[in-house]
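Here are a few exercises to help you find your way around a new structure. Have a look at it first, then work through the steps.

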Amino acid sequence: MPEGHTIHRLAADHQRMFGGLAVAATSPQGRFAEGARRLDGRVLADADAHGKHLLLGFDDELTLHVHLGIYGRFGFGALPAPDPVGLVRLRLVGGEHFADLRGPNTCEVLEPGEVKLLRDRLGPDPLRADADPELAWRRISRARTPIAVLLMDQSVVAGPGNIYRAEVLFRQGIDPRLPGRRLSAGQWAAIWDDLVLLMAEGVRVGRIDTVRPEHTPEAMGRPPRVDDHGGEVYVYRRAGLPCLVCGTPVAAAEVASRNLFWCPGCQPSPV
DNA sequence: ATGTAATGGGGAT
DNA sequence: TCCCCCTTACATA
């Protein structure tokens, strides 16, 4: 499920299964019938991801733009494709595989100019080689907004979601309520470098693991605990449980209508 | 059977 | 700040 690492994996999956092939596109659900018709039979030239946005570039310069939101998901399988089950917004069929898309926030066909507009409103993506963390720092270093909110703003940084933002702030020992302008350049560099590390690992293993070797269940002689999302984390959704490092109960608050988790012991307020 | 939360984001107010 | 969209999975009754 979808933070940036998931979308980059999906881009790689599409490239591997459909890259260079003429792809049949349909919308069994019907809600994307016209878009599917525009794409049907075109060759997938380039599958790319920027933050949480999947961009499938077809020949004739049309791009399929998919944003999963919270609920959207892709399912893949080998041909022959079975009859669609449930609400399949888009089905792609290539040489040996099919892909079913359900519940996306966005599924649309974009012209080149529209793709540029989309990319221009996204901040640097820690998973992209062309990312420039300085662009994010220009925003952060002037903002009164809490760093936890800035890290969820896709125009500041593209890709991290609620898990990565909580976990990277924990790992760097930074109070999530600290205004952006009160971060040091060194702290931002550390956050960025850690995001690059964590998210690349997330792409590799397909889940979010943020617990360092010295704090794993084996290293600490505690029972293993994996979050519903499938990975092992320090603070995300661990409200009230003892911090894995210092034992302080993990704090939680709703910030900008999202749940935020942090350890008051390891991420002290600098005030 | 019903309720609710969830890794997201856009738009109105 | 609230409201709305999209869908599923788990909890509670």
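A polar contact here is a pair of N or O atoms within 3.5 Å. Keep in mind that this is a predicted model.

**Exercise 1.** Find which kind of atom of DNA strand C lies 2.4 Å from a polar side-chain atom of Tyr71.

*Solution.* Start at the side chain of Tyr71 and pick its polar atom: a base nitrogen of DNA strand C sits 2.4 Å away. Next, check the cut-off, which is 3.5 Å for a pair of N or O atoms. The pair at Tyr71, at 2.4 Å, is a polar contact.

**Exercise 2.** Describe the rest of the surroundings of DNA strand C.

*Solution.* First, list the neighbours: Gln29, Arg31, Tyr71, Arg73, Leu87, Arg89, Arg102 and Gly103. Sorted by class, that surface has two nonpolar, two polar and four charged residues. Now look for phosphate oxygens: one lies 2.7 Å from a polar side-chain atom of Arg31, and one is 3.3 Å from a side-chain N or O atom of Gln29. Finally, look at the DNA side. Sugar or phosphate makes up 56% of the strand C atoms within 4 Å of the protein, and bases make up the rest.

**Exercise 3.** Do the same for DNA strand B: which residues come nearest?

*Solution.* There are 20 residues around this strand, and the nearest are Lys52, Ile70, Tyr71, Arg258 and Asn259. Of the strand B atoms within 4 Å of the protein, 57% are from sugar and phosphate. Step two is the phosphate oxygens. Polar side-chain atoms of Lys52 and Asn259 each come to 2.7 Å from one, while for His67 the distance is 3.3 Å. Step three is the secondary structure: α6 (162-171) and β10 (258-262) each give at least two residues to this surface. By class, you'll count seven nonpolar, eight polar and five charged residues there.

**Exercise 4.** Now leave the DNA and work out why helices α4 and α7 count as oblique to each other.

*Solution.* Begin with the geometry: the axes of α4 (residues 133-140) and α7 (residues 185-205) come within 11 Å and cross at roughly 135 degrees. Angles over 145 degrees would be roughly antiparallel, and 65 to 115 roughly perpendicular. The crossing of α4 and α7 fits neither range, so the pair is oblique. Its handedness is right-handed. Then see who touches whom: Pro133, Ala136, Trp137 and Ile140 of α4 meet Ala185, Trp188 and Trp192 of α7. Sort them by class and you get seven nonpolar residues, with no polar and no charged ones.

Notes
Residues are numbered from 1 along each chain as its sequence is written. Chains are lettered from A and ligands numbered from 1 in the order in which they are written. This is a predicted model: local features need pLDDT of at least 70, side-chain atom pairs count only at pLDDT 80 or more; totals for chains, interfaces and linings use all residues. Side-chain values use heavy atoms; hydrogens and water are left out. Axes are lines fitted to C-alpha atoms, for helices over the stretch in contact, and angles run from 0 to 180 degrees between N-to-C directions. Helices (H or I, at least four residues) and strands (E, at least two) are DSSP runs, numbered from the N terminus. Angles under 35 degrees count as roughly parallel, over 145 as roughly antiparallel, 65 to 115 as roughly perpendicular and the rest as oblique. A crossing is left-handed if the near helix is turned anticlockwise from the far one by less than a right angle, and right-handed if clockwise. Contact means heavy atoms within 4.5 Å. Ala, Val, Leu, Ile, Met, Phe, Trp, Tyr, Cys and Pro count as nonpolar, Asp, Glu, Lys and Arg as charged, and the others, Gly among them, as polar. A residue is near a molecule or strand if one of its heavy atoms lies within 4 Å of it. A polar contact is a pair of N or O atoms within 3.5 Å; within protein, one must be able to donate a hydrogen and the other to accept it, and residues adjacent in sequence count only if both atoms are side-chain atoms.
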